[in-house]
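Okay, thanks everyone. I'll put the sequence and the structure up, and then we'll go straight in.

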Amino acid sequence: SLRTLFSDKLFPSAGDLELEAVTLGWRPMPEDGLPIIGFVEGSCATRPPSLYVAVMHSGITLGPVSGALIALEIVEGVN
């Protein structure tokens, strides 16, 4: 069980420590495995798109370079 793993294997000195909560985070995974990055077409009918998305499974490892490239696209208009 999680309790046994936690107390016996990882932290044997934890004694009778009880877990208060366990949190599970879901990471997005596009169906084809490729990142979805860019303006959402049709997000505004009267002006250029105003909604920008960046969805990828590897957000932690690609975060720094993705953020820099996304900033260039949004601020400078670089594709």
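So, the largest pocket comes out at about 160 Å³. In its lining there are 13 residues, and the ones closest to the centre are Ile37, Val65, Ser66, Leu69 and Ile70. Keep in mind that this is a predicted model.

Where does the lining come from? Helix α2, residues 59-76, gives the largest share, with 7 residues. As for chemistry, the lining splits into 10 nonpolar residues, 2 polar ones and 1 charged one.

Let me stay with Ser66 for a moment, since Ser66 is on that list of residues closest to the pocket centre. Ser66 sits in helix α2. Is Ser66 buried or exposed? Its relative accessibility is 11%, and the cut-off for buried is under 20%, so Ser66 counts as buried. And what does the side chain of Ser66 reach? That would be the backbone oxygen of Leu62, at 2.7 Å.

Okay, zooming out to the whole chain. We've got 2 helices and 2 strands, and reading from the N terminus the order is α-β-β-α. The protein has 79 residues, and 10% of them count as buried; Ser66, as I said, counts as buried too.

On the surface side, the protein exposes about 6700 Å², with carbon and sulfur atoms supplying 61% of that.

Last one, contacts. Take the contacts between residues at least 6 apart in sequence: 22% of those join residues at least 24 apart.

That's what I have, happy to go back to any of the views.

Conventions:
Residues are numbered from 1 along each chain as its sequence is written. This is a predicted model: local features need pLDDT of at least 70, side-chain atom pairs count only at pLDDT 80 or more; totals for chains, interfaces and linings use all residues. Side-chain values use heavy atoms; hydrogens and water are left out. On a 1 Å grid over the protein atoms alone, a cavity is a set of points where a 1.4 Å probe fits but cannot get out, and a pocket is an open set with protein on both sides within 12 Å along at least five of seven lines; lining residues have an atom within 4 Å of a point. Grid points are joined across faces, edges and corners, and a volume is the space filled by probe spheres set on the points. Helices (H or I, at least four residues) and strands (E, at least two) are DSSP runs, numbered from the N terminus. Ala, Val, Leu, Ile, Met, Phe, Trp, Tyr, Cys and Pro count as nonpolar, Asp, Glu, Lys and Arg as charged, and the others, Gly among them, as polar. Buried means under 20% relative accessible area, exposed over 50%, partly exposed in between (1.4 Å probe, protein chains only). Contact means heavy atoms within 4.5 Å. Accessible areas come from the Shrake-Rupley method with a 1.4 Å probe; for residues, only the protein chains shown count as cover. A polar contact is a pair of N or O atoms within 3.5 Å; within protein, one must be able to donate a hydrogen and the other to accept it, and residues adjacent in sequence count only if both atoms are side-chain atoms.
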